[in-house]
Amino acid sequence: MNDTRTLAGDEVVEQVSALVEGVFERLKPLLAAAESVLADSPATAALPRIRPQVTEALGGLIVGAGFVGAPRVLTDAEFGFEWWTGSSSEPSQLFISLDPASENFLDYTRQSWFTVPRDTGRRHINGPYVDYLCTDEYTLTFTIPVLLSGSFAGVVGADVYVREFERAVRPRLRSLGRGAALLNAQGRVIVSNSVRQPTGSLVREADVPAWWSAGAEPGPGLRRCGDSPIVLVTGG
């Protein structure tokens with residue numbers, strides 16, 4: 001039984017790693033386009049030039065994608081935002097208030113999907129969180145830092161519904177038997193095979209944050225899914 005579970009655990013880790021890498025791979029053309037446009041013309045009017053790469057990223061697991069600029073990286077505006085949702089065949093542009101004086105102003109510079117790539121220079125996965133801005137759905141946001149002359153200029157990113165991510169991994173996760181879940185680095189459930197561990201709940205049986213801080217080495221019941229900040233936790 002243990003050998004069977006170990007093999008099934010390998011399959012879960014491999015599948016999650018492949019799904020994550022697939023999303024980031026879809027963002028690479030958008031990253032190249034954003035950096036090229038900013039290097040050529042860092043102005044609001046130039047941002048629509050990345051739309052072909054944004055809409056091409058949509059589809060499959062990805063339900064939203066775009067570019068979010070660092071403050072004052074554009075020559076004619078304090079903030080830059082080019083985000084589209086839906087499918088590649090029927091994309092819809094998302095508009096948010098970028099006016100700090102507005103009561104609806106969204107200060108995205110405080111969001112971890114923005115601050116972690118800014119502060120670490122590394123790609124990031126944020127969530128699960130409820131996206132009250134767009135869909136009221138549990139969401140994972142994948143972001144990659146954008147550079148201009150070697151300095152942080154914003155992020156390109158993609159949104160993935162947790163329910164679609166769950167649909168993809170559920171069969172293999174169920175094969176592990178009881179007490180199996182995919183958690184983020186804070187120990188919150190992304191997907192589990194138990195109704196007792198719903199999405200967003202905090203797992204306290206294992207100190208996942210401490211495990212990550214210690215280096216995230218594989219241990220009893222804890223395995224990192226590739227290079228992503230997602231851990232497979234299995235019980236007895």
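The protein chain has five helices and 10 strands. Its radius of gyration is 19 Å, close to the 18 Å that the globule rule gives for 236 residues, so the chain is as compact as a globular protein of that length. The structure is a predicted model.

**Overall build**

Taken along the principal axes, the C-alpha atoms of the protein chain fill a box of roughly 60 × 40 × 35 Å. Of the 236 residues, 44% are buried. Among contacts with a separation of 6 or more, 54% join residues that are 24 or more positions apart in the chain. The protein chain exposes about 11,700 Å² of surface, and carbon and sulfur atoms supply 49% of that area. There are 21 positive and 27 negative side chains. The centres of these two sets lie 6 Å apart.

**Two helices**

Helix α3 covers residues 112–120, and its buried residues are W113, F114, T115 and P117. Which strands do the buried residues of α3 pack against? They pack against β1 (62–69), β4 (124–130), β5 (138–148) and β6 (151–161). After α3 comes G121, which has a positive phi near 75°.

Helix α4 spans residues 162–174 and has a kink of about 45° at A168. The kink lies shortly before the proline P171. In α4, the residues V162, F165, V169 and L173 are buried. An α-helix has 3.6 residues a turn, so residues three or four places apart point the same way.

**A cis peptide bond in β4**

Strand β4, one of the strands that the buried residues of α3 pack against, contains P128. The peptide bond from G127 to P128 is cis, with omega near 10°. G127 also serves as a reference point for a residue further along: the C-alpha atoms of D207 and G127 are separated by 18 Å, and the two residues are 80 apart along the chain.

**Residues in loops**

Four loop residues are set out below with their relative accessible areas.

| Residue | Loop | Relative accessible area |
|---|---|---|
| R72 | between β1 and β2 (81–86) | 60%, exposed |
| G150 | between β5 and β6 | 61%, exposed |
| D207 | between β8 (189–192) and α5 (208–213) | 51%, exposed |
| A216 | between α5 and β9 (222–224) | 9%, buried |

Two of these residues, R72 and A216, have a positive phi although neither is a glycine. Phi is near 65° in R72 and near 55° in A216. Is each of them buried or exposed? R72 is exposed, because its relative accessible area of 60% is over the 50% cut-off. A216 is buried, because its value of 9% is under the 20% cut-off.

D207 has a relative accessibility of 51% and therefore counts as exposed, since the cut-off is over 50%. G150, at 61%, counts as exposed by that rule too. How far apart in space are G150 and D10? Their C-alpha atoms are 38 Å apart, and the two residues are 140 apart in sequence.

Note on methods
Residues are numbered from 1 along each chain as its sequence is written. This is a predicted model: local features need pLDDT of at least 70, side-chain atom pairs count only at pLDDT 80 or more; totals for chains, interfaces and linings use all residues. Side-chain values use heavy atoms; hydrogens and water are left out. Helices (H or I, at least four residues) and strands (E, at least two) are DSSP runs, numbered from the N terminus. The radius of gyration is taken over C-alpha atoms; the globule rule is 2.2 Å times the number of residues to the power 0.38. Buried means under 20% relative accessible area, exposed over 50%, partly exposed in between (1.4 Å probe, protein chains only). Contact means heavy atoms within 4.5 Å. Accessible areas come from the Shrake-Rupley method with a 1.4 Å probe; for residues, only the protein chains shown count as cover. Lys and Arg count as positive and Asp and Glu as negative; His and the chain ends are not counted. The place of a charge is taken as NZ of Lys, CZ of Arg, CG of Asp or CD of Glu. The bend at a residue is the angle between axes fitted to the seven residues ending there and the seven starting there.
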